[in-house]
Amino acid sequence: MRKPLRIGLLGLGVVGTEVARLLTVEQKTLSAQAGRPLEIVAYSTRDPHKKRGVDLSGLPWVASPSELAARSDIDILVELMGGSDGPALEAAEIALKNKKHLVTANKAMLAKHWKHLFALSKKHHVAIMFEASVCAGIPIIKVLRESFASNRISRVRGILNGTCNYMLTSMETRGIEFDAALVEAQRLGYAEADPTLDIDGHDTAHKLIVLAKLALDPDAKPQDIPTSGIRDIRLSDIRDAQARNKTIRLVASAEKMPDGQIVMSVAPQVLDSEHVLANVSGAMNAILIDSEPAGSLTMIGPGAGGGPTASGVLADIIDLARFEIVVEGPLYLPR
Ligand SMILES: NC(=O)c1ccc[n+]([C@@H]2O[C@H](COP(=O)([O-])OP(=O)(O)OC[C@H]3O[C@@H](n4cnc5c(N)ncnc54)[C@H](OP(=O)(O)O)[C@@H]3O)[C@@H](O)[C@H]2O)c1
């Protein structure tokens, strides 16, 4: 048997708990997929006593994310804590500097510190993997990095925030007002801990910048995205749109213009009811890619939640376990 891939797990919230549960309950199957055992060797959370529905009692709990990232007995840090700065960023930096691969679902951190983190990954010959950072269960990062590696991409558009889409479709189909839709999205666990990130469009902008950097321009910057969310959308707006056979969706778009300029935006749009994005309902996400020579691609799938997000995280872990066997150095640097 090959040597295990030793995982330091940072965060046991919605996503981290599901990753830990699957790595425990499906240990044999996942290790077989990876070609070597996948083992959580230590973890960090704020509260070591919280009941989480997963048993890590035999493993060391580490109070400090940075201490976890620096441990000599881990090969990779799986950062599922969140936050663009502070302890998550510090832990990511320490992991990379200590030659540990980084797996993260943290689009806020990637959007803000992309250049810095990838410079560290290059310098220290380790990988940053982030499939779960955009649209959770839709494997869009792999498509852009691998499947479309030969393509010239001209436009990426989509619905990138499950909370907003859930709220808009709840208002539309059940006639509830904005505030009631938000409370419901929070109760169902769709909303980010800070819902302003969702409803003001910033979470969507974070995801768009990751997509734009991969697909269109590594130098795309968050400040280049005019961003407005759904905070001001009322039931009456949705009813007005419906009366004209239209539908309101929060749409993210990044497009390469003929002069090479990248134009990006996040804003509510009034779409024809037949439009593919108008028919994406509930917490689902959708991404449309225009490219040559592949043509147009549409991907629709679950954009949030423990299961779909854990699927992306585990795909990255398995990739690292497989690839570390045959290559050394950073994997999949952006174009
Ligand atoms: N939820 C989704 O559907 C989804 C989808 C895609 C991407 N993401 C991203 O995935 C990441 C995690 O999201 P989540 O929804 O799982 O978040 P969450 O439920 O809020 O969980 C965050 C976890 O981080 C731990 N934590 C917070 N501060 C800490 C600190 N200073 N030291 C150690 N641990 C700390 C928390 O510990 P305690 O439990 O002890 O408080 C908790 O276990 C975020 O970057 C998010 O944007 C989430």
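This is a short tour of a predicted model, from the ligand to a sheet and a helix pair. Residues are numbered from 1 along each chain as its sequence is written. In this predicted model, local features need pLDDT of at least 70 and side-chain atom pairs count only at pLDDT 80 or more, while totals for chains, interfaces and linings use all residues.

**The ligand.** Select the ligand and the 24 residues that surround it (C-beta atom, placed from the backbone, within 6 Å). Colour G11, G13, R46, G82 and A304, the closest ones. Then show helix α1, residues 14-25, which gives the most to this shell, with three residues (helices are DSSP runs of H or I, at least four residues; strands are runs of E, at least two).

**The sheet.** Next, select the five strands of the open antiparallel sheet, in the order β8-β7-β6-β9-β10 (strands pair if DSSP finds at least two bridges between them). β8 (262-272) and β10 (295-302) stand at the edges with a single partner strand each, so one side of each has no neighbour in the sheet. Zoom in on β6 (152-159) and β7 (246-256), paired over four bridges; V156 stands opposite A254 in β7.

**The helix pair.** Move to α7 (162-174) and α8 (178-187), packed at about 130 degrees with axes 9 Å apart (axes are lines fitted to C-alpha atoms, for helices over the stretch in contact; angles run from 0 to 180 degrees between N-to-C directions). Show T163, Y166, M167, S170 and M171 of α7 with F178, A181, L182, E184 and A185 of α8, which make the contact (C-beta atoms, placed from the backbone, within 7 Å).

Key
Two residues are in contact if their C-beta atoms, placed from the backbone, lie within 7 Å.
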